[in-house]
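The exercises below are to be worked with the sequence and the three-dimensional structure side by side. Each one sets a task and is followed by a solution in steps.

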Amino acid sequence: MSAPAVHSLWTTAADPISKIDAPKIEYGQLSPTLIVIGAAVVGVLVEAFVPRRSRYYVQVFVSVVALAAAFAAVVALAAGGYGTTRAHIAAMGAVAVDGPALFLQGTILLAALLGVFTFAERRLDPEAHGNRVDSFAAQAASVPGSDSEKAAVRAGFTTTEVFPLLLFAVGGMLIFPAANDLLTLFVALEVFSLPLYLLCAVARRKRLMSQEAAVKYFLLGAFASAFTLFGIALLYGYAGSVSYARIAQVVDGSVQNVDPALAGTMGNDALLLVGAALTVMGLLFKVGAVPFHMWTPDVYQGAPTPVTGFMAAATKVAAFGALLRLLYVVLPGLRWDWRPVMWAVAVVTMLGGAIVAITQTDIKRLLAYSSIAHAGFILAGVIATSAEGISSVLFYLGAYSFVTIGAFAVVTLVRDAGGEATHLSKWAGLGRRSPLVAAVFAVFLLAFAGIPLTSGFTGKFAVFKAAAQGGAGALVVVGVIASAVAAFFYIRVIVLMFFSEPRPEGPTVAVPSPLTMTAIAVGVAVTVVLGVAPQYFLDLAGQASVFVR
């Protein structure tokens with residue numbers, strides 16, 4: 001009797017398996033991400049098979065070509081109408097190909113390209129044992145100060161693995177703002193977070209501080225990821241799906257054909273509210289909004305400066321893109337619940353970042369608190385809940401990312417015997433010792449402050465205008481006050497550089513290679529162009545401001 005029973009089990013189990021559909025993947029529309037991830041894999045193989053002395057050149061070449069090709073793919077998709085009329089959901093519902101996704105992907109790729117230039121800089125430190133050195137540890141695995149580290153420095157080793165790590169991070173960042181279901185969102189979050197944790201730990205100088213920064217970032221990031229995952233689980237319990245569209249339908253009550261097993265939990269608002277809160281909390285951590293900002297100053301200060309610049313620019317772009325899509329596509333039906341919370345977060349973020357920055361004596365910590373204040377300004381655009389709000393946030397992110405990478409690239413140039421001179425007292429009189437570098441840094445600081453004729457002014461104006469039209473006039477008043485407070489400490493640095501006497505034992509300004517010069521020059525050019533003639537780019541952001549649903 002038992003044999004036929006087993007046989008019938010086999011046949012019933014085998015029937016549905018034959019009906020699994022092959023996945024339909026639109027490789028062309030996912031090509032920017034696929035190019036970057038493919039190049040990252042090639043970079044790992046380069047580490048394994050290319051001789052050590054050639055790795056640096058091969059890695060830089062592979063990274064630059066991949067990022068340029070991926071950007072070209074984004075432009076081609078946008079030109080083909082995928083940002084507007086042909087926007088749709090690709091990869092079986094996992095990824096959205098639409099205006100905001102393409103705009104943010106293009107911004108991330110350009111920021112990463114400048115990031116690669118600063119990563120590849122090898123002329124700032126004096127040569128060690130006849131070898132040029134970069135900002136990264138000679139051998140990341142060796143204990144700081146140990147004999148193995150000294151031997152690695154003497155042998156001229158370099159950590160060229162930073163290039164594939166950067167590409168993996170960029171691959172995750174490209175998917176993050178385009179994710180169209182919660183699982184894809186979480187996977188992308190981990191794919192770009194893990195390489196950043198590693199990159200923060202490999203500074204050549206001040207290695208213990210760098211490793212401390214990486215551990216803090218890792219532990220707090222793991223907490224934030226756990227909150228996000230728990231939120232995703234609750235939202236799945238609420239809607240019976242991880243798909244953005246399905247959750248949005250359940251939220252606004254337009255869902256059809258409910259599974260009887262889910263009918264019990266569907267409409268349980270406690271699951272929805274707690275799940276949404278936890279998921280958004282994870283994204284606010286990545287953005288660096290108060291009260292989830294504690295990691296920012298320590299990590300910005302301890303990480304290698306090229307990594308700080310790349311991370312400050314690209315992570316913000318990716319995280320705000322994901323936050324916009326979550327609030328505008330998944331939770332528009334909850335607007336009355338999340339807007340007051342976002343109001344509070346934006347207010348404390350703007351004021352907290354601006355006020356605490358006044359007390360900072362380290363230039364990297366100052367820029368970290370400045371980035372927290374900027375997160376608050378961008379949140380004002382998110383709160384607008386309008387097409388103008390989306391386009392103003394997109395424009396602000398594009399403008400902010402170039403200013404940030406340029407500013408951190410300038411920080412790498414000011415050096416003394418111990419490496420970078422980041423203490424503000426060392427910057428006194430820099431304008432007399434090296435007028436060009438001080439002038440360039442002043443341009444970036446004025447852009448951060450939002451002074452007219454810089455990209456910062458245009459971005460702030462667009463965000464505040466959208467917020468005011470969206471009924472958040474009081475928030476704009478707070479934003480203007482926070483901007484005035486922030487302007488004080490930016491102007492203070494400019495005064496310090498140009499109107500104080502240089503110290504005889506002060507730092508020198510290193511002459512960089514054309515790579516860092518290019519990163520800084522592009523930063524200045526974008527800052528000025530977006531300040532003087534921003535209309536084309538504002539229109540571009542306006543065209544790209546419609547999410548596909």
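**Exercise 1.** Decide whether Thr-315 is buried or exposed in this predicted model, and describe its surroundings.

*Solution.* Begin with the accessibility: Thr-315 has a relative accessible area of 2%, and because buried means under 20%, Thr-315 is classed as buried. Next, place the residue in the secondary structure, where Thr-315 is found in helix H12, which covers residues 305–330. Finally, list the contacts, leaving aside neighbours within four places in sequence: Thr-315 is in contact with Met-173, Phe-192, Leu-196, Lys-286 and Phe-310.

**Exercise 2.** Find which residues of the largest nonpolar core touch the most other members, and which element gives the core its largest share.

*Solution.* The largest nonpolar core holds 184 residues, and those touching the most other members are Leu-67, Val-170, Phe-176, Phe-310, Leu-379 and Phe-441. The largest share of this core, 18 residues, comes from H12. Phe-310, one of the residues just listed, is also a contact of Thr-315. For Phe-441, again leaving aside neighbours within four places in sequence, the contacts are Ile-363, Ala-407, Val-410, Val-411, Trp-427, Val-493 and Met-497. As background, nonpolar side chains in soluble globular proteins tend to be buried together.

**Exercise 3.** Compare the accessibility of the two partners in the salt bridge between Glu-26 and Lys-24.

*Solution.* The side chains of Glu-26 and Lys-24 meet at 3.6 Å, N to O, which satisfies the limit of 4 Å for a salt bridge. Glu-26, at 16% relative accessibility, counts as buried, whereas Lys-24, with a relative accessible area of 58%, is exposed. By this rule the count of salt bridges comes to 13.

**Exercise 4.** Work out where the partners of the salt bridge between Asp-134 and Arg-204 lie, and why the pair ties together parts that are apart in sequence.

*Solution.* Asp-134 and Arg-204 form a salt bridge in which the closest N and O atoms are 3.9 Å apart. Asp-134 lies in the loop between helix H4 (99–119) and helix H5 (147–155), while Arg-204 lies in the loop between helix H7 (182–199) and helix H8 (207–239), so the pair ties together parts that are 70 residues apart in sequence. Both Asp-134 and Arg-204 are buried. Elsewhere, salt bridges that share partners join Glu-212, Lys-216, Asp-298 and Arg-365 into one network.

Notes:
Residues are numbered from 1 along each chain as its sequence is written. This is a predicted model: local features need pLDDT of at least 70, side-chain atom pairs count only at pLDDT 80 or more; totals for chains, interfaces and linings use all residues. Side-chain values use heavy atoms; hydrogens and water are left out. Helices (H or I, at least four residues) and strands (E, at least two) are DSSP runs, numbered from the N terminus. Buried means under 20% relative accessible area, exposed over 50%, partly exposed in between (1.4 Å probe, protein chains only). Contact means heavy atoms within 4.5 Å. A nonpolar core is a set of buried Ala, Val, Leu, Ile, Met, Phe, Trp, Tyr and Cys residues joined through side-chain atoms within 4.5 Å.
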